[in-house]
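Let us walk through this chain from its nonpolar core outwards to the packing of its helices.

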Amino acid sequence: MEVTLKMIGGKCKPLILDSLIRNGTQRFSELMREITQVSQRTLTNQLRELESDGLITRTVYAEVPPRVEYSITSKGKSLEHILELMCEWGEKNIDDRFVMTNPQCSDCED
């Protein structure tokens, strides 16, 4: 459990992983639009950590302006079931202290 929490624990790491699993390769700006409750700095740091842990890849294209894309790795994709279980648990245990601003679970979405 400790290793898993170190890799996916963070303000938005599970949301980043979920977005890349569901939507495929994305640019930084696309992730910013999807994960609205995070600052640019935090998202940058979380992406670096996920890349360092081998859960996502970062591809830089030599264009002007430079284009950077993030993709899920097979190691990151292997967390799909865990992320879905986290969604289900949260949905079953949400109470008045929490507001669901961006439902992530497949059965929560419209």
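**The core and a helix pair**

Among the 19 residues of the largest nonpolar core, those that touch the most other members are Cys12, Ile16, Leu17, Leu43, Leu47, Ile56 and Tyr70; such a core is a set of buried Ala, Val, Leu, Ile, Met, Phe, Trp, Tyr and Cys residues joined through side-chain atoms within 4.5 Å, where buried means under 20% relative accessible area with a 1.4 Å probe, protein chains only. Two or more residues come from each of helix H2 (13-23), helix H4 (40-52) and strand E3 (67-72), and H2 gives the most, with five residues. The model is predicted, with local features needing pLDDT of at least 70 and side-chain atom pairs counting only at pLDDT 80 or more, while totals for chains, interfaces and linings use all residues. Side-chain values use heavy atoms, without hydrogens and water, and residues are numbered from 1 along each chain as its sequence is written.

Leaving aside neighbours within four places in sequence, Leu47 is in contact with Ile16, Phe28, Leu31, Ile56 and Tyr70, contact meaning heavy atoms within 4.5 Å.

H2 also packs against helix H6 (residues 80-93), at an angle of about 120° and with the axes 10 Å apart; the two helices are therefore oblique to each other, since this angle falls outside the ranges for roughly parallel (under 35 degrees), roughly antiparallel (over 145) and roughly perpendicular (65 to 115). Here Pro14, Leu17, Asp18 and Ile21 of H2 meet Glu80, Leu83 and Met86 of H6, a contact with five nonpolar, no polar and two charged residues.

The chain as a whole has six helices and three strands, taken as DSSP runs of at least four residues (H or I) and at least two (E) respectively.

Terms used
Buried < 20%, exposed > 50% of the residue type's maximum accessible area, 1.4 Å probe, protein only. Axes fitted to C-alpha atoms, helices over the stretch in contact; angles between N-to-C directions. Nonpolar A, V, L, I, M, F, W, Y, C, P; charged D, E, K, R; others polar.
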